[in-house]
Amino acid sequence: DSFEEQYYPSSCLVMEAGVRVLRRKDAPFNKLPFGRLFPRQKLFRNVKSVKSCAIVSSAGSLAGSKLGRFIDNHDIVMRFNHAPTRGHEVDVGSKTTIRVVNSQVVTKPEFDFAHAPIFRNVTIAAWDPGRYNGTLEDWLTTADYDLFTNYEIYRRRYPKSRAFLIDPHSVWRLWQSLQMFAGNRSIRRNPPSSGFIGLALLLPHCPQVDFVEYVPSTRLNGRCHYYSKEMNSACTFGSWHPLAAEKLMALDMNVADDMSVFQFGILRIRRPDKLLC
Ligand code: NCC
């Protein structure tokens, strides 16, 4: 009874966090004019036909990877924040289905969220953690960055857009799953990175997720992003986000062999069978 009973798949923990986007029917938004800005559509279209998904981390070690074609071969491709494809197609591909963006990117003028072409014609899932035990009402006034103003501008400007807000409670539930995985090593009480939030958001909709250059491969080069020259290992191993714990948990879910993970930089995560969880 020992090992098998104690072992609980990490992918089940991630699924149970229930990372999701806010819907019109969710209180208090069902009673607020703001809630009518939420798209009526679901986050993903035709999920039944989705077989494979790629998540492209923004890591510097994607540079020179030549994984573009591999990435574009997936039904859904997820990217983060303002990470570009143009000029980097060979390494990161050109297809983008969804961008997970943090509230700084929605808010800070330099990203020009409401106008920049990079945020158009893709699904957007924006997040802000708010306070750990805050209500959704609190969140509307105490978000770390006021993403609501630009979200409203964007949605009014592009009514047909598919831009969603991630339920902040579900972000903190994911943090709890991470803490559960970490056991008695306590992780800092900061939200998971966009990368891990993205994984948790996508996994319920996708039988198989290839997460590219999240667990660092042997291409590790000290660069923060593939699209800039900035050197900063904290981007890979974490300083504010509990990134190292996230990556250990992701590696725990991985079903690909070492060659795939550490030479090619591809982690493969299968959606767990309901019976398993
Ligand atoms: O850097 P960032 O992340 O946009 O990267 C997106 C996701 O890719 C994974 N990543 C990135 C770099 C790296 N060397 N290794 C990686 O594994 C991570 O999973 C990361 O989440 C974020 O999570 O939203 C973050 O955003 C930036 C920044 O706000 C935006 O890029 C806009 O400039 C944060 N940096 C700062 O605030 C300075 C970063 O901490 C987290």
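Cys277 is partly exposed, with a relative accessible area of 36%. That makes Cys277 a handy starting point for a tour of this predicted model, since Cys277 is joined by a disulfide to Cys12. In general, a disulfide is a covalent bond between the sulfur atoms of two cysteines. A search of the whole structure finds three disulfides, and there are also 15 aromatic pairs to explore.

**The disulfide of Cys12 and Cys277**
- The sulfur atoms of Cys12 and Cys277 are 2.0 Å apart. This pair links distant parts of the chain: Cys12 sits in helix α2 (residues 10-17), Cys277 lies in the segment after β7 (266-270), and 265 residues separate the two.
- The torsion about the S-S bond of Cys12 and Cys277 is about -80°, so this disulfide is left-handed.
- Is Cys12 buried or exposed? With a relative accessibility of 0%, Cys12 counts as buried, while its partner Cys277 is partly exposed.

**The disulfide of Cys53 and Cys206**
- Cys53 and Cys206 are joined with an S to S distance of 2.0 Å. Here too, distant parts of the chain are linked: Cys53 belongs to strand β1 (residues 53-56), whereas Cys206 is in the loop between α9 (194-202) and β6 (208-212), 153 residues apart.
- Which hand does the link of Cys53 and Cys206 have? It is right-handed, with 110° about the S-S bond.
- Cys53 is buried at 0% relative accessibility, and Cys206 is buried with a relative accessible area of 0%.

**The disulfide of Cys224 and Cys235**
- The sulfur atoms of Cys224 and Cys235 lie 2.1 Å apart. Cys224 is in the loop between β6 and α10 (234-237), and Cys235 is in helix α10, eleven residues apart.
- With -90° about the S-S bond, the link of Cys224 and Cys235 is left-handed.
- Cys224 is buried, with a relative accessible area of 5%, but Cys235 is partly exposed, at 30%.

**How the cysteines pair up**
- What pattern do the disulfides follow if you count the bonded cysteines along the chain? The pattern is 1-6, 2-3, 4-5.

**Helix α11 and its cover**
- Helix α11 spans residues 243-253, and its buried residues are Leu243, Ala245, Glu246, Lys247, Met249, Ala250 and Met253.
- What covers these residues of α11? The cover includes α2, α8 (168-182), α9, α10 and β7.

**Aromatic rings**
- Of the 15 aromatic pairs in the structure, one is formed by Tyr154 and Tyr158, which meet edge-to-face at 5.2 Å centre to centre, with 75° between the planes. Tyr154 and Tyr158 are both buried.
- Phe211 and Tyr214 form a stacked pair, 4.0 Å centre to centre and with 5° between the planes.
- Why does Phe211 count as buried? Phe211 has a relative accessible area of 0%, which is under the 20% cut-off.
- Tyr214 is buried as well, with a relative accessible area of 5%.
- Ring pairs also link Phe29, Phe34, Phe38, Trp139, Phe148 and Tyr151 into a cluster.

**Arginines over rings**
- Tyr158 has another partner to look for: Arg120 lies over the face of Tyr158, at 3.6 Å from the ring centre.
- Where does Arg189 lie? Arg189 is found over the face of Tyr132, at 4.2 Å from the ring centre.

Technical notes: Residues are numbered from 1 along each chain as its sequence is written. This is a predicted model: local features need pLDDT of at least 70, side-chain atom pairs count only at pLDDT 80 or more; totals for chains, interfaces and linings use all residues. Side-chain values use heavy atoms; hydrogens and water are left out. A disulfide is a pair of cysteine sulfur atoms within 2.5 Å. Helices (H or I, at least four residues) and strands (E, at least two) are DSSP runs, numbered from the N terminus. Buried means under 20% relative accessible area, exposed over 50%, partly exposed in between (1.4 Å probe, protein chains only). Contact means heavy atoms within 4.5 Å. Rings of Phe, Tyr and Trp (its six-membered ring) pair if their centres lie within 6.5 Å; planes under 30 degrees apart count as stacked, over 60 as edge-to-face and the rest as tilted. A charge sits over a ring if NZ of Lys or CZ of Arg is within 6 Å of the ring centre and within 35 degrees of the ring normal.
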